[in-house]
Every structure is written in C-alpha cells, then in structure tokens.
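Biologist: I would like to learn how to read a model like this one. Could we go through it feature by feature?

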Amino acid sequence: IEPVWHILKNLIRDFRPRPSSYDQLCDAILWAWDQITVDEIDQFVDRMPEVVDAVIESEGGHTRY
C-alpha cells in the first residue's frame with residue numbers, strides 16, 4: 001500500500017492550483033486516485049510474493065521494500 005500512497009502524494013503535490021481548502025484537497029485526492037491505473041496497482045500486487053519472501057527471509061526485519 002505504501003507505493004500507492006507515494007503515487008497519490010506525488011500527484012497531489014503536483015496538482016495545480018494547489019488545494020487551499022478541505023474541499024479542494026478532497027477534489028485533488030479524488031482526481032489523483034483516478035489517475036492511478038489498474039496496471040499500476042497490478043504491478044504492486046504481482047510483486048507481493050517477492051515482498052513476502054523477503055520479509056520471511058529477514059524474519060520480520062528490514063527489507064529493501
């Protein structure tokens with residue numbers, strides 16, 4: 001989920017004009033969410049077995065993910 005938050009954060013940061021109210025921020029978030037494609041989400045889902053293996057291998061410690 002962190003990579004999706006990263007994409008959303010970047011899209012909202014670059015949103016113009018910058019949101020200056022709660023309602024504008026909500027609009028920007030909805031716009032940004034609509035910009036993320038199913039293919040992008042699928043890339044993260046497809047990597048999950050690799051991520052899980054890394055977490056198991058590190059016994060719950062730090063990984064590159």
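The dialogue below goes from the overall fold to single residues.

Modeller: One point before we begin: this is a predicted model.

Biologist: How many helices and strands does the protein have?

Modeller: Start with the list of elements, then their order. Here the protein has four helices and zero strands, and from the N terminus the order is α-α-α-α.

Biologist: What does the radius of gyration of the protein say against that of a compact globule?

Modeller: The idea is to set the value beside the one for a globule with that number of residues. For 65 residues a compact globule would come near 11 Å, while the protein has 16 Å. The spans of the C-alpha trace along the principal axes add to this picture: about 45 × 25 × 15 Å.

Biologist: What percentage of the residues is buried, and what do the contacts add?

Modeller: Buried residues are 15% of the 65 in the protein. For contacts, look at separation along the chain. Among contacts with a separation of 6 or more, 41% join residues 24 or more positions apart.

Biologist: What does the exposed surface consist of, and how are the charges placed?

Modeller: About 5,500 Å² is exposed, and 58% of that comes from carbon and sulfur atoms. The side chains include 6 positive and 13 negative ones, with the centres of the two sets 12 Å apart.

Biologist: Which residues form the largest nonpolar core?

Modeller: Six residues do: V4, I7, L8, I12, A32 and I36. Helix α1, residues 2-14, gives the largest share of this core, with four residues.

Biologist: What does I7 touch beyond its neighbours in sequence?

Modeller: Leaving out residues up to four places away, I7 touches I36, E40 and F44. For L8, under that exclusion, the partners are I29, A32, W33 and I36.

Biologist: Is L8 buried or exposed?

Modeller: Compare the relative accessible area with the cut-off: under 20% is buried and over 50% is exposed. L8, in helix α1, has 8% and is therefore buried.

Biologist: And L30, is that residue buried or exposed?

Modeller: L30 lies in helix α2, residues 22-35. Its relative accessible area is 56%, so L30 is exposed.

Biologist: How far apart are the C-alpha atoms of L8 and L30?

Modeller: Read the distance in space together with the separation along the chain. L8 and L30 are 22 residues apart along the chain, and their C-alpha atoms are separated by 9.6 Å. For L30 and H6, 24 residues apart along the chain, the C-alpha separation is 15 Å.

Notes: Residues are numbered from 1 along each chain as its sequence is written. This is a predicted model: local features need pLDDT of at least 70, side-chain atom pairs count only at pLDDT 80 or more; totals for chains, interfaces and linings use all residues. Side-chain values use heavy atoms; hydrogens and water are left out. Helices (H or I, at least four residues) and strands (E, at least two) are DSSP runs, numbered from the N terminus. The radius of gyration is taken over C-alpha atoms; the globule rule is 2.2 Å times the number of residues to the power 0.38. Buried means under 20% relative accessible area, exposed over 50%, partly exposed in between (1.4 Å probe, protein chains only). Contact means heavy atoms within 4.5 Å. Accessible areas come from the Shrake-Rupley method with a 1.4 Å probe; for residues, only the protein chains shown count as cover. Lys and Arg count as positive and Asp and Glu as negative; His and the chain ends are not counted. The place of a charge is taken as NZ of Lys, CZ of Arg, CG of Asp or CD of Glu. A nonpolar core is a set of buried Ala, Val, Leu, Ile, Met, Phe, Trp, Tyr and Cys residues joined through side-chain atoms within 4.5 Å.
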